[in-house]
Amino acid sequence: HRIALQSAKETRFIETGRIIRCESSNNYTTFYIDNGEKILTSRPIFEYEEILAGYGFFRCHQSHLVNKKFIRSWVKEDGGYLLMEDNSQVPVSRNKKDALKGLFE
């Protein structure tokens, strides 16, 4: 399955399995791709959450959506964060911790 990501310059068609994570900043969402590429779109993250829900993505924080196949570990110190395969650290909100546990049971 592929998703259309519209940036200022072009519309990119990316396989959902290549997306490591998405990060929100107001009404913009940055996609981090497995080849190191970043794609900035002008749509809010909640719109992508609905589209990607059936493809293994989890909203672990208000401004973060992660592909669970790229989660390396869950570090429980410093308030809790996910260490991703690209070495990025993604915070986990308090109210999402139980749902995160359920993903891997």
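Over how many bridges do β8 and strand β9 pair, and in which sense? The structure on display is a predicted model, and the tour begins at this pair of strands.

**Stop 1: the three-stranded sheet**

Select β8 and residues 81-84, which make up strand β9; the two pair over four bridges in the antiparallel sense. Serine 73 can serve as a marker here, since leucine 83 of β9 stands opposite this residue. Now extend the selection to β10, which completes an open sheet with the strand order β8-β9-β10 and antiparallel pairing. The edges are formed by β8 (71-75) and β10 (89-91), each of which pairs on one side only. Viewed along the sheet, the twist from one strand to the next averages 25 degrees.

Next, display the side chains of tryptophan 74 and lysine 76. Lysine 76 lies over the face of tryptophan 74, 5.1 Å from the ring centre.

**Stop 2: the segment after α2**

Move to α2 (97-103) and continue into the segment that follows, where phenylalanine 104 is found. Beyond neighbours within four places in sequence, phenylalanine 104 has contacts with Lys68 and Ile71. A C-alpha to C-alpha distance drawn from phenylalanine 104 to lysine 68 should read 9.3 Å, although the two are 36 residues apart in sequence.

**Stop 3: the five-stranded sheet**

Select the strands β5, β4, β3, β7 and β6, in that order: they form an open sheet with antiparallel pairing. The edge positions belong to β5 (38-41) and β6 (57-61); each has a single partner strand, so one side of each is left without a neighbour in the sheet. On average, neighbouring strands of this sheet are turned by 20 degrees against each other, direction ignored.

Zoom in on β4 and β5, which pair over four bridges in the antiparallel sense. One of the residues to label is threonine 30, whose bridge partner in β5 is leucine 40. Then add α1, which packs on the sheet and touches β3, β4, β5, β6 and β7 (64-67). The direction of α1 makes about 25 degrees with that of β7.

**Stop 4: the largest nonpolar core**

Which residues have the most contacts inside the largest nonpolar core? Select Leu5, Ile19, Cys22, Phe31, Tyr48, Leu52 and Leu65, which hold that position in a core of 13 residues. At least two residues of this core come from each of β1 (2-6), β3 (19-25), β4 (28-33) and α1 (45-52). The most is given by α1, with three residues. Another core, of 11 residues, lies apart from this one and includes Ile20, Ile71, Leu82 and Leu100. In soluble globular proteins, nonpolar side chains tend to be buried together.

**Stop 5: phenylalanine 31 and tyrosine 48**

Centre the view on phenylalanine 31, which counts as buried because its relative accessibility is 0%. Its contacts beyond four places in sequence include Leu5, Ile19, Arg21, Glu37, Thr41 and Tyr48. Tyrosine 48 also counts as buried, at 1% relative accessibility.

The structure holds one aromatic pair. Phenylalanine 31 and tyrosine 48 form this edge-to-face pair, with 4.7 Å from centre to centre and 85 degrees between the planes. Phenylalanine 31 belongs to strand β4 and tyrosine 48 to helix α1, so the pair ties together parts that are 17 residues apart in sequence.

Finally, add arginine 43 to the view: its charged end sits over the ring of tyrosine 48, at 5.1 Å from the centre of that ring.

How values were computed
Residues are numbered from 1 along each chain as its sequence is written. This is a predicted model: local features need pLDDT of at least 70, side-chain atom pairs count only at pLDDT 80 or more; totals for chains, interfaces and linings use all residues. Side-chain values use heavy atoms; hydrogens and water are left out. A nonpolar core is a set of buried Ala, Val, Leu, Ile, Met, Phe, Trp, Tyr and Cys residues joined through side-chain atoms within 4.5 Å. Buried means under 20% relative accessible area, exposed over 50%, partly exposed in between (1.4 Å probe, protein chains only). Contact means heavy atoms within 4.5 Å. Rings of Phe, Tyr and Trp (its six-membered ring) pair if their centres lie within 6.5 Å; planes under 30 degrees apart count as stacked, over 60 as edge-to-face and the rest as tilted. A charge sits over a ring if NZ of Lys or CZ of Arg is within 6 Å of the ring centre and within 35 degrees of the ring normal. Two strands pair if DSSP finds at least two bridges between them. Axes are lines fitted to C-alpha atoms, for helices over the stretch in contact, and angles run from 0 to 180 degrees between N-to-C directions.
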